[in-house]
Amino acid sequence: MAVALTGARIFDGSHMLDGRAVVIESGRIAGVPHVQDLGAGIERRAVSGLLAPGFIDVQVNGGGGVLYNDVRTVEGLRTIAQAHRAYGSTGLLPTFITDTREKMAEAVEAMRDALAARIPGVLGIHVEGPFISPERKGVHNPAFMRPMEEEDIAILTSLTEGRTLVTLAPERNSMASIARLASAGVLICAGHTASDYATVMEAARHGLRGFTHLFNAMPPLAGRDPGPWARLSTAGTRGAASSSTGTT
């Protein structure tokens, strides 16, 4: 049954709308008609304030006092999602950063259970490292950094629900490994990388889709050295994902 939310001002992503209703049907927004155009049989629910699309955050290390690296459980993921939802993020990728392979496997297993439990807002997992560069490590522990191996590929391609995003340094991993992840449906971003332009472009040909915290934890633009993110100037911004403005 359709439900109309009325009484609030609506931002549709481009414009502020007054005198409109948000019609929800089968869990999806079916339209934003004028209130006077609503049918007589539709249920109306009065709301106030502003209705706007929720944020989708693809790099969330924790929330509500929980860090994903420390609490690799379904309840930990539920706490993270609930904490961010209160501030407008209705969808997110909880992010597990550089650590041991065993802990990475536990994080993926917890995500498998969270997706099966349909925890609101949890869209999948972001694995940031350990396949990154010690030269651009940020807060990541270089003791755990390593090139991707067979066991890692098996873990990273094991989720059958949600989305898996992996941040890696192209120069620290084989193009064959990048291609295998991409062919399995994993979204791949360059981050914490000392890579040059040519290597990033080669990785793009093997499935690299974008960047994590673009411009941070990677070489800057320099004379006669466009840097890894200069792919934007040749490929456009369509495939470039900047998951945050800070550096983890």
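Let me begin with the aromatic rings, where the count for this protein comes to one aromatic pair. That pair is made by Tyr68 and Phe96, whose rings sit edge-to-face, with 6.1 Å from centre to centre and 80° between the planes. Tyr68 belongs to the loop between strand S10 (66-67) and helix H1 (74-85), while Phe96 belongs to strand S11 (residues 89-97), so the pair ties together parts that are 28 residues apart in sequence. Both partners are out of the way of solvent in the sense used here, since Tyr68 is buried and Phe96 is buried as well.

I should say at this point that what we are looking at is a predicted model, and that every value I quote is computed from it.

Stepping back to the whole protein, we have six helices and 15 strands, and the C-alpha atoms fill a box of roughly 60 × 40 × 30 Å along the principal axes. Of the 248 residues, 42% are buried, and among the contacts with a separation of 6 or more, 65% are accounted for by residues 24 or more positions apart. The accessible surface comes to about 12,300 Å², and carbon and sulfur atoms hold 53% of that surface.

Now to the charges, of which there are 23 positive and 24 negative, with mean positions lying 4 Å apart. Side chains of opposite charge can pair when their charged atoms come close, and a search of the whole structure finds 11 salt bridges. I will go through some of them.

In helix H2 (residues 101-116), Glu109 and Arg112 are three residues apart, which means that about one helical turn separates them, and their side chains meet in a salt bridge with an N to O distance of 3.1 Å. Glu109 is partly exposed at 37% relative accessibility, and Arg112 is also partly exposed, at 28%.

How are Arg205 and Glu202 placed relative to each other in helix H5? They too are three residues apart within that helix (residues 197-205), and so about one helical turn separates them. Their salt bridge has an N to O distance of 2.8 Å, with Arg205 exposed at 59% relative accessibility and Glu202 partly exposed at 28%.

Beyond these pairs, salt bridges that share partners join Arg101, Arg146, Glu149 and Asp152 into one network. Within that network, the side chains of Arg146 and Asp152 meet at 2.7 Å, again N to O. Is this pair buried or exposed? Arg146 is buried, and Asp152 is buried too.

Notes
Residues numbered from 1 in each chain as written. Predicted model: local features only at pLDDT ≥ 70, side-chain atom pairs only at ≥ 80, totals over all residues. Heavy atoms only, no water. Helix = DSSP H or I, 4+ residues; strand = E, 2+ residues; numbered from the N terminus. Buried < 20%, exposed > 50% of the residue type's maximum accessible area, 1.4 Å probe, protein only. Contact = heavy atoms within 4.5 Å. Areas by Shrake-Rupley, 256 points an atom, 1.4 Å probe, with all protein chains shown as cover. Lys, Arg positive; Asp, Glu negative; His and termini not counted. Charge placed at Lys NZ, Arg CZ, Asp CG, Glu CD. Phe/Tyr/Trp six-rings, centres within 6.5 Å; stacked < 30°, edge-to-face > 60°. Salt bridge = Lys/Arg side-chain N within 4 Å of Asp/Glu carboxyl O.
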